[in-house]
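Open the structure in your viewer and keep the selection panel at hand. The stops below say what to select next and what is there.

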Amino acid sequence: MGFLPPEFSQFIAPDADRATFIQEWLDARGVKSARTVIDGKNHILVQFDKSAYNPQFKIKTVIAHYDRVSGSPGANDNSAAVWSIMNWAVRLSSFAGEHNVRIFFTDGEELGWTTGVSEQGAFGIANVFKRLGITNDDIYVFDACGRGEVSVLSKHSFPPKTAKSFLSKFTDLFDRTQNLLSHANPGRWMCLPVPYSDNASFLACGLPAVAITMLPAEEASLYARSLMTDKNLEAAVMNRESTKQERLSGQMVEYSYKERIPYTWRLFHTQLDNENSLSQQSFIAMEGILNELALSRTPA
């Protein structure tokens, strides 16, 4: 692709050691990182100077999974978001003042498709956060952010018995994220049901987290109309029900509403999730969103 450097093609090559690639790419640009192994999953924590943090404001933990399904280039799921955040990390390394950003590139997100959220790599991170009392972060998950110009904030509904304190914190984060998107990508953002990513692990551990993705405008609009005409579609997207055999076989979860979801999502876990499917508008929008996030301040 003309708008992406040759290094991106190396990153999505079938034989790429993606964790090593991320760390070496960052290191070559003066950004330190550390490999953090939790429950057998290899996560990468970007390391900024202590001067980048001000305890008066909330930490903004940003998550993007670097793993991919075997046999798929994983260009959109999730190399595009990782690439945008890697470049953002370089910009943050010379940020004027405190940014309060913590970045994790996570391993094992795709396991949630077949074995459940507790096997996701982010579940181990969420458990560590909870054990250490790190419960006040704003947690942002970026997944599939390389196709389309509309930024999509994932909608959520919670069981009736969900603790009011959690709901209050989640709603506050959700509302502030809407404001962030409205400033960063005015007129080109929506709230829609989105299949769970690493945010599922944090939510399962009682830690508020939001997920952001990108879609082409026509796909987002068609999906929104389908949600209004089919009241069962949202539950199907969020639950991603599958048979036991499908889970055991490790295949992508299929459900009866697959033909109603955005075409972009149908490319996941296939050979068509390649560099040619990406769009420059997504990377431009992501740069604006991430820059806006760096500038945001919320009292701790």
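**Start in the sheet**

Select Ile 63 and Phe 104: Ile 63 stands opposite Phe 104, which is in β4. This is a predicted model, in which local features need pLDDT of at least 70 and side-chain atom pairs count only at pLDDT 80 or more, while totals for chains, interfaces and linings use all residues. Residues are numbered from 1 along each chain as its sequence is written, and side-chain values use heavy atoms, with hydrogens and water left out.

Now show β3 and β4 in full. The two strands run parallel and are joined by 6 bridges. Helices (H or I, at least four residues) and strands (E, at least two) are DSSP runs numbered from the N terminus, and two strands pair if DSSP finds at least two bridges between them.

Next add strand β2, residues 41-47, which pairs with β4, residues 101-106, in the antiparallel sense over 2 bridges. Within β2 and β4, look for Ile 44, opposite Phe 105. Of the 6 residues of β4, 5 are buried, so to speak mostly covered. Buried means under 20% relative accessible area, exposed over 50%, and partly exposed in between, with a 1.4 Å probe and protein chains only.

**The whole sheet**

Select the strands in the order β1-β2-β4-β3-β5-β8-β6-β7: these 8 strands form an open sheet with mixed pairing. At the edges are β1 (32-38) and β7 (189-193), each pairing on one side only. From one strand to the next, the twist averages 30°.

**Two helices across the sheet**

Select residues 164-184. This is helix α6, which lies across β5 (138-142), β6 (150-155), β7 and β8 (209-215) and runs at about 30° to β8. Axes are lines fitted to C-alpha atoms, for helices over the stretch in contact, and angles run from 0 to 180 degrees between N-to-C directions. Contact means heavy atoms within 4.5 Å.

Then select helix α12, residues 280-295. Helix α12 lies across β3 (60-65), β5, β6 and β8, at about 170° to β5.

**Along α6**

Which residues of α6 are buried? They are Phe 166, Phe 170, Leu 173, Phe 174, Thr 177, Leu 180, Leu 181 and Ala 184. Seen down the axis of α6, the buried residues fall within an arc of 120°, so they line one face of the helix; the arc is that of the directions from the helix axis to the C-beta atoms. They pack against β5, β6, β7, α7 (199-204), β8 and α12. On the other side of α6, select Lys 164, Ser 165 and His 183, which are exposed.

**Aromatic pairs**

The structure holds 13 aromatic pairs. Rings of Phe, Tyr and Trp (its six-membered ring) pair if their centres lie within 6.5 Å; planes under 30 degrees apart count as stacked, over 60 as edge-to-face and the rest as tilted.

Select Trp 25 and Trp 83, a tilted pair at 5.3 Å centre to centre with 55° between the planes. Trp 25 is in helix α2 (residues 18-28) and Trp 83 in helix α3 (residues 75-92), so the pair ties together parts that are 58 residues apart in sequence. Trp 25 counts as buried at 8% relative accessibility, and Trp 83 is buried with a relative accessible area of 5%.

Finally, add Phe 8, Phe 11 and Phe 21, which ring pairs link with Trp 25 and Trp 83 into a cluster.
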